[in-house]
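Open the structure in your viewer with side chains available as sticks. The stops below go from one selection to the next.

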Amino acid sequence: MERGAPSYPHPACRATALTAFLDTNVLIRHLTGDPPAMALRATALLAAEHELLLTDLVLAECVYVLESFYEVERSRIAELMRSAISLASIKTIDPASLLRALEVYEVERIDFAEAYLVAQAEATGVREIVSFDRSIDKIKTVSRREP
């Protein structure tokens, strides 16, 4: 497999002119207001920029940081991440899947990684998830199989 930049843009990026990828630390500063000086800069950037790409991985990392470091409640995390996805300056590759993952995370109270797998399983039609994590059994739209 050859490494390097592809000669064509990713299909999700063709329709818009993305200006940059958004990193976790910028979004966390905006959402938490911590530390205040960085938060002001992050919020100003989000208000001024056009077409920042929020990747699935960065959203997952934001969930993790808000849970572990800031000890934010699950329902508030889901609310904050939904509000971030809805910002005019933020674009995602598959917003419907991310919103579904946040819903599963919040309502079913399973870890975000498993909630994301559920959302992807539903979106792709590949309804089976191979996992030792029994919390997935709560979700009736997918099935879990242990190795």
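Which residues is serine 131 in contact with, leaving aside its neighbours within four places in sequence? Select serine 131 and display its surroundings: Ile136, Arg144, Arg145, Glu146 and Pro147 are the residues in contact with serine 131, once neighbours within four places are set aside. This is a predicted model. Serine 131 is found in the loop between β4 (128-130) and β5 (143-145). Its relative accessibility is 11%, and serine 131 therefore counts as buried, the limit being under 20%.

**The salt-bridge network**

Stay with Arg144 and add aspartate 137. The side chains of aspartate 137 and arginine 144 form a salt bridge, with 2.8 Å from N to O. Aspartate 137 counts as partly exposed, at 36% relative accessibility. Now extend the selection to Arg134 and Glu146: together with Asp137 and Arg144 they make one network, joined by salt bridges that share partners. Glu146 and Arg144 are also among the contacts of serine 131 seen at the start.

**The whole chain**

Zoom out and switch to cartoon. The protein chain contains seven helices and five strands. Read from the N terminus, the order of elements is α-β-α-α-β-α-α-β-α-α-β-β. Of the 147 residues in the chain, 33% are buried. Turn on the surface: the accessible area is about 9000 Å², and carbon and sulfur atoms contribute 57% of it. Among contacts with a separation of 6 or more, 51% are between residues 24 or more positions apart.

**The sheet**

Select β1, β2 and β3. These three strands form an open sheet in the order β1-β2-β3, with parallel pairing. The edge strands are β1 (20-21) and β3, each of which pairs on one side only. How many bridges join β2 to β3? Two bridges join them, and the strands run parallel. For a position to centre on, take leucine 53, which stands opposite lysine 91 in β3.

**Lysine 91 and glutamate 51**

Keep lysine 91 and add glutamate 51. The two residues form a salt bridge in which the closest N and O atoms are 3.9 Å apart. Lysine 91 belongs to strand β3 (residues 90-91) and glutamate 51 to the loop between α3 (36-48) and β2 (52-53), so the pair ties together parts that are 40 residues apart in sequence. Lysine 91 is partly exposed, with a relative accessible area of 28%. Glutamate 51, at 18% relative accessibility, counts as buried. In total the structure holds nine salt bridges.

**The nonpolar core**

Hide the charged residues and select Leu27, Leu59, Val63, Met81 and Val118. In the largest nonpolar core, which has 33 residues, these five touch the most other members. Colour the helices to see where the core comes from: α2 (24-32), α4 (56-68), α5 (74-86), α6 (95-107) and α7 each supply at least two of its residues. Then centre on leucine 59. Not counting residues up to four places away in sequence, leucine 59 touches Leu54, Met81, Ile85, Leu98, Leu102 and Phe112.

**From α6 to α7**

Select glutamate 122 and arginine 100. What separates N from O in their salt bridge? The distance is 2.7 Å, and the bridge is made by the two side chains. Glutamate 122 lies in helix α7 and arginine 100 in helix α6, so this pair ties together parts that are 22 residues apart in sequence. Glutamate 122 is buried, at a relative accessible area of 16%, and arginine 100 is partly exposed, at 25%.

**Threonine 124**

The last stop is threonine 124, in helix α7 (residues 112-124). Is threonine 124 buried or exposed? Its relative accessible area is 53%, and threonine 124 is exposed because the limit for that class is over 50%. Show polar contacts around the side chain. A polar atom of the threonine 124 side chain lies 2.9 Å from the backbone oxygen of glutamine 120. The side chain of threonine 124 also reaches the backbone nitrogen of valine 126, at 3.2 Å. Finally, put a distance label between the C-alpha atoms of threonine 124 and serine 97: they are 10.0 Å apart in space, with the residues 27 apart in sequence.

Terms used. Residues are numbered from 1 along each chain as its sequence is written. This is a predicted model: local features need pLDDT of at least 70, side-chain atom pairs count only at pLDDT 80 or more; totals for chains, interfaces and linings use all residues. Side-chain values use heavy atoms; hydrogens and water are left out. Helices (H or I, at least four residues) and strands (E, at least two) are DSSP runs, numbered from the N terminus. Buried means under 20% relative accessible area, exposed over 50%, partly exposed in between (1.4 Å probe, protein chains only). A polar contact is a pair of N or O atoms within 3.5 Å; within protein, one must be able to donate a hydrogen and the other to accept it, and residues adjacent in sequence count only if both atoms are side-chain atoms. Contact means heavy atoms within 4.5 Å. Accessible areas come from the Shrake-Rupley method with a 1.4 Å probe; for residues, only the protein chains shown count as cover. A nonpolar core is a set of buried Ala, Val, Leu, Ile, Met, Phe, Trp, Tyr and Cys residues joined through side-chain atoms within 4.5 Å. A salt bridge is a side-chain nitrogen of Lys or Arg within 4 Å of a carboxyl oxygen of Asp or Glu. Two strands pair if DSSP finds at least two bridges between them.
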